[in-house]
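Please read the points below alongside the model. They are meant as a colleague's notes, taken chain by chain and contact by contact.

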Amino acid sequence: MKTNLQSKKAIIIVWGGLVLLLLLIIASSFVENSSVRAALILTLPLAQMLLVAVFFMHLCVSPKLYWAFAAAGLFWLTSLFTLVACDYLTRRWH
Amino acid sequence: MSEAEPSYLSAGDTLGSWLLTTDHKRIGLLYLFSILFFFFIAACAAALMRLELLTPQGDLVFSETYNKLFTMHGVLMVWFFLIPSVPSVLGNFLVPLMVGARDLAFPRLNLLSWYLFVVGGFFVMHAIVIGGVDTGWTFYTPYSSAYSNSHVIQMALGIFIAGFSSILTGLNFIITIQKMRAPGLTWFRLPLFIWSMFATSIILVLATPVLAITLVLLSVERIWGVGIFDPKLGGDPVLFQHLFWFYSHPAVYIMILPGMGVVSEIIPCFARKKMFGYRFVAFSSMAIAMIGFLVWGHHMFVSSQSIYAGMVFSFLSFLVSIPSAIKVFNWTATLYRGSITFGAPMLYALGFIGLFVMGGMTGLFLASVAVDVHVHGTYFVVAHFHYIMVGGMVTAFMGGMHFWWPKITGRLYPPLMAQIAAALLFLGFNLTFFPQYILGYLGMPRRVHDYAPEFQIYNVLSTIGASVLGLAYLLPLIYLVWSLRYGKPSGANPWEATGLEWKTPSPPPKHNFNETPIVMEEAYNYPSNKDHGDPEHV
Amino acid sequence: MFEEPSIVAEQFEDASQQAEASRLGLWTFLATEVLFFGVVLLAYVVYWHVYPADFAAACKRTNLVLGTLNSVILVTSSLTMALAVQSDLARQRKQVVILLMVTILLGASFLGVKVVEYSEDITERLLPGPNFASDLPLHSQLFFCLYWIATALHGVHLIIGLCVLSVMVILAGRGKLMAGGRHTWLELSGLYWHFVDIVWILLYPLLYLLGRHL
């Protein structure tokens, strides 16, 4: 496997991106429309997560197998969420 | 044949060389001794339960005691016998051998996994000894989190620790199978046992953490009196059931997939034919593992889960039966026109197929919401899962132990005794559990120690069956131990089976192979329509 | 491609197989952690769906300043960790030691801030139970149950990470990482540390921002 030969500069740029996203997330809480606000606050962190996973955790220079391992947990977590949602979204609560 | 290296059994004979071993074969044996211990305790609990159920009145034990007995039976059998049985005993022993490696990827993690298992078991046994738990192995809230006066947290802690044992074992297998296959051993040349272990390991690794955190949440709720399943705070006890069964349903596939893998090794060998539809069987293992994660709600049809979710889970549960059925068809097709002999491993494998089909079919009955409403919480469910777990899994475990016993110990056992034991198991099992289908259908609830008098005859039959079953477990214990001293030496390949594990001496040397084997043949390269007694043709 | 000198364990054929097995092994472990933390997230999402108003009210009572400070601290520690791994590849031993020590320092600061925050939460009676703040609605206690559990679990993982990094810093100081054939150990520690960062990245907006309209 090709080992990571990122430059220090690239790493700092990624960090900069993470901080920028953090500021954007905080800025989102100023948005008036509550649905837009919630959507931003829930999706922008996913972008941060991707930056860390792809760059800091070297997925960008790893074989596809590693992507599969990285995605596996998320895949099954999604199935957990989806089927539990299937129950809670169709059940009348209180 | 080089005799230079001693077998793994004689490489070091101090206690330390066993307790600090990193040899996967020795660790497999350490697990074997441990699970037999827990099996024995759990079987005693079952014996007491079956004795109690001889009469309609609850006259042998108090109901609280009975609750503790079935909890103990469930917890020990599920987590300390069934889940580790094939993976941690046969899997640990065979996976490196079958892929042509010297050991698993992480031998020290393997040893750690055994110690975690033992420590977990210690906590569970301690909880039992100081008074036990009465919630059932399912720990439903809010009884377990708020009202039970029994030692829930200690038992939960024991299971939590043992869970890490599972995770480490699964992790080890995944990496070993992925990365350490011998040259030429492509994925589709692997023994189907390895495919089963790989699929099982995916479940071990991804489902067990959910159980772990669920037990943590349960314990937090018990300790501090507040928590997320607490109805007083607006919490939902059904959420516990979602989380619990998200693990526990895939857990039953952890239990059965390895057994299917064992059967997939025995059938081609004793029918002297390559596995029919190899790729179908391989992909079915993966499909069972994946779809098995999506069906847990069928344990919750009457829990107040939404009816729409119930329908979705019902549909998915029907879907998950398909890959299992595919396997059964392929085993059958392998048997068709094979040169079948009926050695003990084969008897167990055949028993597995029949009993698994019955258990699986009744699973389909339970997957239909309408039927389940009628039989949920009755002995029908108990019969169903015992058909799969005992009729399926324990039978497969016995079959596997008999098949690989010569490899593990270098000895042969008396064949007729073994065949008798296998037949006895089949008979005793059916006598024990078939009446329970009828009981459940007629309405006898599970987890109660007294019942309406009209159910007595079936309970008596069941208890008689359990005694026969006990004998069927005892017999192999006797002759297998006997064989250690007096059994004929087996040689490297007494069954003339294919597979890398048979190409090394019995018992294998510590490092498995003198040189890394190179694989150039397909799996199950049995010559068809030849005399199986002629070694030249193997 | 450079050669990584390694001590190869006997079950492996060569160093590269060992390194790959270790990396994949750690990714497998991280997959288990995803499911582990994911359950807490699930409970959170379920109850948010069921009690949105109570959860929003509860969310407003978390300390946004301290939470945000911790986010900055942790993401910066990820930076120094990544730089440390890169420096080890470049065999810059001293830089590795410094960067690892800064990472540890940042990690410890995170914990320090958390301690301050926790004491404040206790003073404000945000611990679920009979003494729970009476001005908050009943179901806010569910929010705080999950807040305490999630942050405590994260904290435990962070502490474990600090222990691992302390060992790494000692090895780095003795020149035993890249030069001693143990670069993979540092890489794996980095993967774990970044994962701990990711968990916080996901927890922060859920616990501190979702119910707030600034």
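**Notes on chains A, B and C**

1. Chain A has a radius of gyration of 18 Å, whereas a compact globule of 94 residues would have one near 12 Å. The radius of gyration is taken over C-alpha atoms, and the globule rule is 2.2 Å times the number of residues to the power 0.38. Along its principal axes, the C-alpha trace of chain A spans about 55 × 35 × 15 Å.

2. This is a predicted model, in which local features need pLDDT of at least 70 and side-chain atom pairs count only at pLDDT 80 or more, while totals for chains, interfaces and linings use all residues. Residues are numbered from 1 along each chain as its sequence is written, and chains are lettered from A and ligands numbered from 1 in the order in which they are written.

3. Chain A has 3 helices and 0 strands, in the order α-α-α from the N terminus on. Helices (H or I, at least four residues) and strands (E, at least two) are DSSP runs, numbered from the N terminus. Of the 94 residues of chain A, 31% count as buried. A residue is buried if 20 or more other C-beta atoms lie within 10 Å of its own, exposed if 12 or fewer, and partly exposed in between, with C-beta atoms placed from the backbone.

4. Among the contacts in chain A with a separation of 6 or more, 41% are between residues 24 or more positions apart. Two residues are in contact if their C-beta atoms, placed from the backbone, lie within 7 Å.

5. The domain assignment splits chain A into domain 1 (1-62) and domain 2 (63-94); such bounds come from an automatic or database domain assignment. The C-alpha centres of domain 1 and domain 2 of chain A are 22 Å apart. The contact between them takes 4 residues of domain 1 of chain A and 4 residues of domain 2 of chain A. On the domain 1 side, these are 3 nonpolar, 1 polar and no charged residues. Ala, Val, Leu, Ile, Met, Phe, Trp, Tyr, Cys and Pro count as nonpolar, Asp, Glu, Lys and Arg as charged, and the others, Gly among them, as polar.

6. Which elements do the buried residues of α2(A) pack against? They pack against α1 (8-28) and α3 (64-88) of chain A, and also against α3 and α6 of chain C. The buried residues of α2(A) include A:Ile41, A:Leu51, A:Phe55 and A:Phe56. Helix α2 of chain A (residues 34-56) has 23 residues and reaches 33 Å from its first C-alpha to its last, close to the expected 33 Å; the expected span is 1.5 Å times one less than the number of residues. After α2(A) comes A:His58, with a positive phi near 65°.

7. Chain C meets chain A through 34 residues of chain C and 39 residues of chain A. On the chain C side, α1 (15-50), α3 (64-89) and α6 (183-209) each supply at least two residues. The most come from α1(C), with 12 residues. By class, the side of chain C that touches chain A has 22 nonpolar, 9 polar and 3 charged residues.

8. Chain C itself has 6 helices and 0 strands. Its C-alpha atoms fill a box of roughly 65 × 30 × 30 Å along the principal axes. Of the 214 residues in chain C, 51% are buried. In chain C, residues 24 or more positions apart account for 76% of the contacts with a separation of 6 or more.

9. The contact of chain B with chain A takes 11 residues from each of chain B and chain A. On the chain B side, α8 (237-271) and α10 (307-335) are the elements that give two or more residues. The most come from α10(B), with 3 residues. This side of chain B has 7 nonpolar, 4 polar and no charged residues.

10. How many residues of α3(B) are buried? The count is 33 of 37, and the helix is mostly covered. The end C-alpha atoms of α3(B) (residues 63-99) are 51 Å apart, which agrees with the 54 Å that its 37 residues should span. α3(B) bends by about 60° at B:Pro84; the bend is the angle between axes fitted to the seven residues ending there and the seven starting there. Just after α3(B), B:Gly100 has a positive phi of about 80°.

11. B:Gly12 lies in the segment before α1 (15-19) of chain B. B:Gly12 counts as partly exposed because it has 16 C-beta neighbours inside 10 Å. The C-alpha atoms of B:Gly12 and B:Leu424 are 38 Å apart, with their positions 412 residues apart along the chain.
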